[in-house]
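Welcome to a set of short exercises on reading a protein model. Keep the sequence and the structure side by side, try each task yourself, and then follow the steps.

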Amino acid sequence: MHMEHLTLHRSAAVVGGGPAGLMAAETMARSGLPVTVYEHKRSAARKFVLAGRSGLNLTHDEDLETLLSRYGDLHSSIEAAIRAFPPSAVREWAEELGHTTFVGTTGRVFPEEMRSTPLLRSWLRRLDELGVELRTGHRFVGWTEDGSLRFDSSTGLVEVTADATVMAMGGASWPSTGSDAGWVEPLREAGIEVNSLVASNCGVIIEWSEHFGPRFAGTPLKNVTLTVGGASRRGDPVVTSTGLESGPVYALVPEIRDQLAGPGVIVYADMQPDRSHAQLVAHLTSKRRPKDSLSTWLRRAGLEPVTIGLLREATGNNVPTNADELAELLKAAPIPITGLSSLDRAISSAGGVAMSELDDSFMLQKMPDTYVIGEMLDWDAPTGGYLLQACFSMGRQAGAAAVTRALA
Ligand SMILES: Cc1cc2nc3c(=O)[nH]c(=O)nc-3n(C[C@H](O)[C@H](O)[C@H](O)COP(=O)(O)OP(=O)(O)OC[C@H]3O[C@@H](n4cnc5c(N)ncnc54)[C@H](O)[C@@H]3O)c2cc1C
């Protein structure tokens, strides 16, 4: 079999051409370290491109302390990386590439074109100008005994020795984009602790009746507060044929995942979060005419067909006919959750390389000069630009640390 062995003098290898890896590559190349990016797909950053199909949410515009609080139990090194390369820096970076950003109504930051491809094209061009070499069709499969990186390529095995290696092979959601978590076994074999990868920011499974799921799939439940255990989220969950998805659902996944280990999970939907129980009773009573059927009354009260459908689902089609009980149901309709949707279609995954394996600069303590960043690591964040923000920040931080050591 053909075998190529490259020893790169004073150089860096980035494994994985997603946003985290490309940001590390840019940072190192700007400091004069020759960089090669190894990517196993035929093109880089396919998940980044997919992310742009529904509007590329690059980061979030809010006070930095509030932003940091969105990450929940945030590891100190990720926090330090975000402080060093905050949302304002991400926006400046995009603008330097020629892509103006704007803040949407909910604080989400988008490039003006909304999609990823124009920004990615400019980014790859800049990397090329900086001398970064992108080697596609190279799949990382482990290390040789002397610590060189091993790649499978169409021309055979390639072994690479570099002064610094940044691993950024992503998590396990949407494996068709390239992030297939094939790195888990080689890293475990090398003695690195990797926590199981599980779906995050994903939909939940609900056994809808045959009337509700097919009819309302794709319909948003507007302005609803969902509550599970002690956690609540307000927004517009979207009905799917097998459950619910979208922002407020994703945000509750960690709580739902914990509870699924127990006897069962009920999500309570408040479909009138701006009215108290008493205000709702008064409203419902004022809208009722003596001869109205239940359906006419509910419609007259301003309830959408999808809301009425959900009331029927929650009660086995026994929606209460007195205002007090109906108000109670509208304030807390119980919806049993039977599971989480599969990793294949999740926005992101939780789990990955344990943070305890790294030093403050994302370098593996057991493998000096090898850094791990992005979704490969065990951290989690809600949707809203927080995932990409952290990936960009980690790319900057690890890239800068790698330069300092490699050029010392
Ligand atoms: C539908 C969807 C929409 C999203 N929208 C947003 C959004 O609007 N805002 C936001 O903040 N986040 C969003 N995300 C999440 C965001 O895209 C990811 O968190 C981010 O891409 C992770 O970056 P990464 O560089 O760590 O990994 P990835 O983007 O997964 O990149 C990893 C790269 O490594 C390569 N690779 C994997 N294994 C190997 C191997 N063995 N050898 C060589 N190369 C390998 C992969 O092919 C891939 O190119 C979205 C995700 C999805 C699925």
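**Exercise 1. Find which helices and strands each supply at least two residues of the shell around the ligand.**

Step 1. Start with the elements: α1 (19–30), α2 (46–51), β8 (139–143) and α14 (386–406) each supply at least two shell residues. Here helices (H or I, at least four residues) and strands (E, at least two) are DSSP runs, numbered from the N terminus.

Step 2. Look at the shares: α2 gives the largest one, 5 residues.

Step 3. Take the whole shell: 39 residues surround the ligand, and the closest are G16, G18, G170, G178 and G374. A residue is near a molecule or strand if its C-beta atom, placed from the backbone, lies within 6 Å of it.

Step 4. Sort by class: the shell has 19 nonpolar, 14 polar and 6 charged residues. Ala, Val, Leu, Ile, Met, Phe, Trp, Tyr, Cys and Pro count as nonpolar, Asp, Glu, Lys and Arg as charged, and the others, Gly among them, as polar.

Two notes before you go on. Residues are numbered from 1 along each chain as its sequence is written. This is a predicted model, in which local features need pLDDT of at least 70 and side-chain atom pairs count only at pLDDT 80 or more, while totals for chains, interfaces and linings use all residues.

**Exercise 2. Follow the chain from β8 through β9 to β10, and describe each pairing.**

Step 1. β8 and β9 (residues 149–153) run antiparallel and are joined by 4 bridges. Two strands pair if DSSP finds at least two bridges between them.

Step 2. Find a facing pair: G142 stands opposite R150 in β9.

Step 3. Inspect the turn: 5 residues lie between β8 and β9 in this hairpin, and G147 in the turn has a positive phi of about 90°.

Step 4. Continue to β10 (residues 156–161), which pairs with β9 in the antiparallel sense over 5 bridges. In this pairing D152 stands opposite L157, and the hairpin of β9 and β10 has 2 residues between its strands.

**Exercise 3. What is the order of the strands in the open sheet that contains β14, and which helices pack on this sheet?**

Step 1. The order is β15-β14-β18-β19, with antiparallel pairing. At the edges are β15 (231–235) and β19 (333–337), each paired on one side only. On average, neighbouring strands of this sheet are turned by 25° against each other, direction ignored.

Step 2. Zoom in on β14 (residues 224–228) and β18 (residues 265–270): 3 bridges join these antiparallel strands. L226 faces A269 in β18.

Step 3. Add the helices. Helix α9 (residues 247–260) lies across β14, β15, β18 and β19, and runs at about 160° to β15. Helix α12 (residues 305–315) touches β18 and β19, and makes an angle of about 70° with β19. Axes are lines fitted to C-alpha atoms, for helices over the stretch in contact, and angles run from 0 to 180 degrees between N-to-C directions.

**Exercise 4. Is A164 buried or exposed?**

Step 1. Locate A164: it lies in strand β11 (residues 164–167).

Step 2. Count the neighbours: A164 is buried because 28 other C-beta atoms lie within 10 Å. The cut-offs are 20 or more other C-beta atoms within 10 Å for buried, 12 or fewer for exposed, and partly exposed in between, with C-beta atoms placed from the backbone.

Step 3. Name the contacts: leaving out residues up to four places away in sequence, A164 touches A12, D369, A402, R405 and A406. Contact means that the C-beta atoms of two residues, placed from the backbone, lie within 7 Å.

Step 4. Compare sequence with space: A164 and T370 are 206 residues apart in sequence and 6.0 Å apart in space, C-alpha to C-alpha.

**Exercise 5. Where do N201 and F362 lie, and what sign does phi have in each?**

Step 1. Recall the usual case: most residues other than glycine have a negative phi.

Step 2. N201 is in the loop between β12 (194–200) and β13. Its phi is positive, about 45°, although N201 is not a glycine.

Step 3. F362 is in the loop between β21 (348–353) and β22 (370–372). Phi of F362 is also positive, near 75°.

Step 4. Check burial: N201 is buried, with 25 other C-beta atoms within 10 Å, and F362 counts as buried with 30 C-beta neighbours inside 10 Å.
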